[in-house]
Every structure is written in C-alpha cells, then in structure tokens.
Amino acid sequence: MATAYDIAVKQAEPEQDAGLPVVAVDNLHKAFGRQKVLNGISLSVSRGETLAVLGRSGTGKSVLLRLIIGLETPDSGTVCIHGQSIAGLAIDQMGEIRKKMGFLFQHAALYDSLTVAGNVAFPLVHHRRDISRSERDDRVKQLLAEVGMEGNLEKMPSDISGGMQKRVGLARALALEPEILLLDEPTAGLDPISSGEIDDLILKLQRERKMASIVVTHDLHSARTIAGRLALLDKGNVVIEGTFEKLQQSDIGFVKEFLKQS
Amino acid sequence: MSESGTSAVAVNTPAVPGPRVAPISGVADSTAGVVNGFFEWFGSLGIFSWRVFRAAVTPPFEWGELVRQLDEVGSKSLPLVAMAGAAIGVIISLEARYSLTRFGAKSMFPATLVYSVVQVMGPVITGLVVSGRVGAGMGAELASMKVTEQIDAIEASAINPYRLLAATRIMACILMLPLLTLATDACALLTGWFAQAMVEPLSFQQFIASGFNGATFNAFMPQTFKTAVYGLIIGLIACFQGMRTQGGAAGVGRAATNSVVLASLFLILADVVMVKFILVFFP
C-alpha cells in the first residue's frame, strides 16, 4: 500500500499538462520599516503541485503567502495568478482572483460571532447566492465531514480546540472549490497526533482536488509528507529549492544545519 | 612649574559635569513627530473614507448586514437615549423654571423647554450618548476582529471588508441618529412637562400648543437631521480606529477609547460649523 511519502514523491513528478504556473512570484522584495523580510524571492507552483516553504521563524514565510493573496503589497517584484499580475488591482478586482484561492490562517482566524457551520457557510452566503439554503447547508455538512467536523455544526469557535479550529478553517478555505490553496503553518501548535491527522487530511484533499498548494511550515516532517517540492528560506532569500533528496544532498551549511536540527 | 617653563597638567582630575540642557533638536523632532502624526492620521482617514464610499455605492450590497446594524445601532440604543432624554427634560425644566420666574417670564416656559431640547440639547446629548455606546462597541468589535485576523480572513474570502463591515455600520449610524434624536426629544419634552406639571397645573395639550406656537420647519427639522452628520462622524471614526488597530488587547482598548474620544470631539466641533450653516441657510 502506498505511504504518504510515496504519494508525495509521485506528486513531485511534473504534470504532463502543467503549462504556465498557476502561481508565479518573481523577484519579490518586502520590508517593514528597516527590517528587510523578503530579498528577491522567486517561486512558482503548477496545478496539482504542492510546494512547502520552510525556514526559521521570522524569515518571511507568512509574509510571502500574504503577498500572494494580496493582503500585503510588495515593495518590488511581481505576483502572477494564472499569468495575471495582481499589482495595482482594486479590492473588488482582486476579489475575483481570490475566489479561486483558499487561505488557511495560522490561527484559523474563525469568525468568533458565527458557529462552525456559519463560518464554513460564510463564503457561500456571499458568493453563491444562486444556490438554495438547503443546498448550501448540504454543502457545509459535506465540507465539515471531509475534515472530520460533522458533529460540531452548532458549536462556537471558542468551544473547540486549536486543531479543530484548523480543520474548520480548512473547510472554509475549500468552500468555493479553489484552484489554489495557501496554508500558513497548518500544524503549528498541534500535538504530533493532531499534526499527522492534518497532514493526512491535506494529502487526501490534494489527491482528490489537484489544487496548486503552497504550505508554509517550519515542520520538516510535515513538509516531507505533504509536499513534492521544498523551498528553504533564509534572510529573505531562497537558499535551495527542490525535492527532499536534493536538500539532503546539498553541501550548503545552512541547509545541513536546518535538516540536522529538524 | 617644570624646568622647561611649562606647567604640569593634572591628567586624573574628574570632569565637572555641566548644567543639563535639553537639546533644541530633540524638541523639534518631537514636534515634527506630532505634526507628522496629525497629518498621517487625517490622510489615512481620507483614504479610508474614499474606500468605504466606493464600496458603499458599488454592488453587491450587504442588505442583510445593514439590517443587522440598524438593529444594533437603533433598537439597542433606544433605551439609553430615552433615559438620557428623560433626565435632560427634568434638568432643563427645573433650571428654566427658576430662571424664567426670576425674570417674570414664566409663560415662556413651554417654548423655552421645546426650543432648548429640540434645537440644542436633544441632538447633542443623543450624539454623545450614541458616540459612547456605539462608538466604543464598534471600535472594540472591529479592533478585536483586526488583531485576530478575522478582517484579513474576510478579505481573503473575496469579500470587501469596507463594504461588509464599515459601510453598513456607517449607514446604520447615519440613518438611526435622527430617529434616536426624535426619541430623545420626545422623552425630554414628556418629562420636562411632567416636572413642571408637578409644581403648577399645565395640561400636556396646553404645553405642546404653547411650546410649538409659531414653530416652522426651519426651527426644528434641520437641527434634527443634522444628527445624520453626527452618525457619519461616529460610524466613520469608530470603523477607522477599529480596522487599523495593531497591538493585541492593548490595541483593542486604545481603539475603543479613541473611537469615543475622537468621535465626541469631532461631533462637537462639527456642531459649531453646522449651527452656523443652519442659521445661514435655514433662518
């Protein structure tokens, strides 16, 4: 039976119909005041591919995701989604692009005034006004069942654990059936068992939906499990990019140290 | 004196510290910082206002959220403004009766109470009470959403937060303030009459007829509708302060406090301008 790692290796094989990258980031620079966070990052992800962005805390991994979804504006460089640059787009124009993207925040960022079901239904309420209420409710139940939260529809976010909040956040990110999935530290703060469950869930969803995914994490084990390609950041630059084997064979001191400590 | 003719210099004498003088450059830097912050705040408010306006006039409109906010701002503020109005009515009644009796103008009491409440006290008290309740609540709610990334999550879900959160709240404040002012005025006039009637028999019909005798549209309506501007100020300041919050729980507290303080301040300053405007255009 194929292991999670075998599936991840399979994912690393190039898609025959990959074509243009779905997400392409070119020479991105971003600073907050005098602190330079990204110093010329270039990355791309194609359909069906999962890229894990690794690095020490504070190296700009989360900022990279925020730049891709347009929550931050780069100082220079370009972000292209399906070949279209998002620079200078108005918020409503950016909204049309965001409908194709799902974002899982590091702390889930659930709406604390809505129930679990209300949170997952939120994007559907605003963007799928063509479907009836019962169809929407069915879709919400289906999404929550996919993430193992079908028994918690009426609970409030404050009543569920951090791992459960991440699952609900993931269900919400998948509500509009995105083509691109951005995951910010999906296993941060979770115990090893919960982390493994989240990793298996992400793998399952990727296998079924063939999305282009970018996962930001400092957990090397998790990155190996769910991603076919890894990019290691340090001081705002990509130190190395490739499969896990490539990282293992690297002679770069920082890479060796990162692998050794992980 | 040494043999070479020069004086020996003691090298180990400790330096005597001079008097403390704040450098002029430090004061100038502080002043520049304050002035810079002042203009930065107004500039950011201008950009925020433009984004909210553009979101408010372009579809899809958030009618459901607007209705929810009308209830939050209007219905839930009603008991508070009614109580404030009732208190003001009694206070003005007691004070006015004493002054008018002293100057032999007791018969002017109904008109004095009506004009004082409807033209001045009712709108201002309503604005300040709502600024405290709604301004603090909105500022804190949005600030809490900001620091927990809920507003970012809304934006990442391809929903315009300026339309969903800010425009609906500001519209609710604009629409509800005049209605709440009418409620304040009604309660103030009722309790003002009651306070007077306890001392001297005066029917409510007589009170109203005397109080509104000779009243015109210009005497009352502009003063009531100007509270829509108060609503704009309260909603705009509260949403602006809330949605730009940083710094966790402390930031939420600052946002709530600043929302109330700044909204109240701007409301009073705006009243100065609007009173003059009304006197000129609605004589």
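These exercises on a predicted model of two chains, A and B, each come with a worked solution.

**Exercise 1. Judge the confidence**

Find how far the predictor trusts each chain, and where its confidence is low.

*Solution.*
- Step 1: start with the complex. The predictor gives an ipTM of 0.89 and a pTM of 0.86.
- Step 2: take chain A. Its pLDDT averages 88, and 93% of the residues score at least 70. Over residues 1-10 of chain A the pLDDT is below 50, and this stretch has 14 contacts beyond near neighbours in sequence. Residues 12-17 of chain A are also below 50, with 6 such contacts.
- Step 3: take chain B. The average pLDDT is 89, and 92% of the residues score at least 70. Residues 1-11 of chain B stay under 50, with 2 contacts beyond four places in sequence.
- Step 4: draw the lesson. Where pLDDT is low, the predicted coordinates should not be read in detail.

**Exercise 2. Explore the core**

Which helix gives the most residues to the largest nonpolar core?

*Solution.*
- Step 1: size the core. The largest nonpolar core has 134 residues.
- Step 2: find its best-connected members. Among them are Ile68(A), Val120(A) and Ile234(B).
- Step 3: name the helix. Helix H6 of chain B, residues 161-199, gives the most, with 18 residues.
- Step 4: zoom in on one member. Leaving out residues up to four places away in sequence, Ile234(B) touches Val130(B), Ser131(B), Val134(B), Gly135(B), Cys173(B), Ala263(B) and Leu267(B).

**Exercise 3. Describe the contact between the chains**

How many residues does each chain bring to the contact?

*Solution.*
- Step 1: count. Chain A brings 16 residues and chain B brings 12 residues.
- Step 2: locate. On the side of chain A that touches chain B, helix H3 (91-98) and helix H4 (116-127) of chain A each supply at least two residues.
- Step 3: sort. The residues on that side of chain A are 9 nonpolar, 4 polar and 3 charged.

**Exercise 4. Compare spans with expectation**

Check the reach of helices H3 and H4 of chain B against 1.5 Å a residue.

*Solution.*
- Step 1: take H3 of chain B, residues 78-102. Its 25 residues reach 36 Å from first C-alpha to last, close to the 36 Å expected.
- Step 2: see which residues of H3(B) are buried. They include Val81(B), Ala84(B), Ile88(B) and Ile92(B). The buried residues of H3(B) pack against H4 and H6 of chain B.
- Step 3: take H4 of chain B, residues 109-147. Its 39 residues reach 53 Å, close to the 57 Å expected.
- Step 4: look for a bend. H4(B) bends by about 50° at Val117(B).

**Exercise 5. Spot unusual backbone angles**

Lys235(A) and Ala158(B) have a positive phi although neither is a glycine. Is Lys235(A) buried, exposed or partly exposed? Is Ala158(B) buried or exposed?

*Solution.*
- Step 1: read the angles. Phi is about 50° at Lys235(A) and about 65° at Ala158(B).
- Step 2: place them. Lys235(A) sits in the loop between strands S9 (229-234) and S10 (237-242) of chain A. Ala158(B) sits in the loop between helix H5 (150-156) and H6 of chain B.
- Step 3: apply the cut-off. Buried takes 20 or more C-beta neighbours within 10 Å. Lys235(A) has 14 inside 10 Å, so Lys235(A) is partly exposed. Ala158(B) has 21 inside 10 Å, so Ala158(B) is buried.
- Step 4: add a cis peptide bond. One joins Pro59(B) and Pro60(B), with omega about 5°. Pro60(B) lies in the loop between helices H1 (24-57) and H2 (63-75) of chain B.

How values were computed
Residues are numbered from 1 along each chain as its sequence is written. Chains are lettered from A and ligands numbered from 1 in the order in which they are written. This is a predicted model: local features need pLDDT of at least 70, side-chain atom pairs count only at pLDDT 80 or more; totals for chains, interfaces and linings use all residues. A nonpolar core is a set of buried Ala, Val, Leu, Ile, Met, Phe, Trp, Tyr and Cys residues joined through C-beta atoms within 7 Å. A residue is buried if 20 or more other C-beta atoms lie within 10 Å of its own, exposed if 12 or fewer, and partly exposed in between; C-beta atoms are placed from the backbone. Helices (H or I, at least four residues) and strands (E, at least two) are DSSP runs, numbered from the N terminus. Two residues are in contact if their C-beta atoms, placed from the backbone, lie within 7 Å. Ala, Val, Leu, Ile, Met, Phe, Trp, Tyr, Cys and Pro count as nonpolar, Asp, Glu, Lys and Arg as charged, and the others, Gly among them, as polar. The expected span of a helix is 1.5 Å times one less than its number of residues. The bend at a residue is the angle between axes fitted to the seven residues ending there and the seven starting there. pLDDT is the predictor's confidence in each residue, from 0 to 100.
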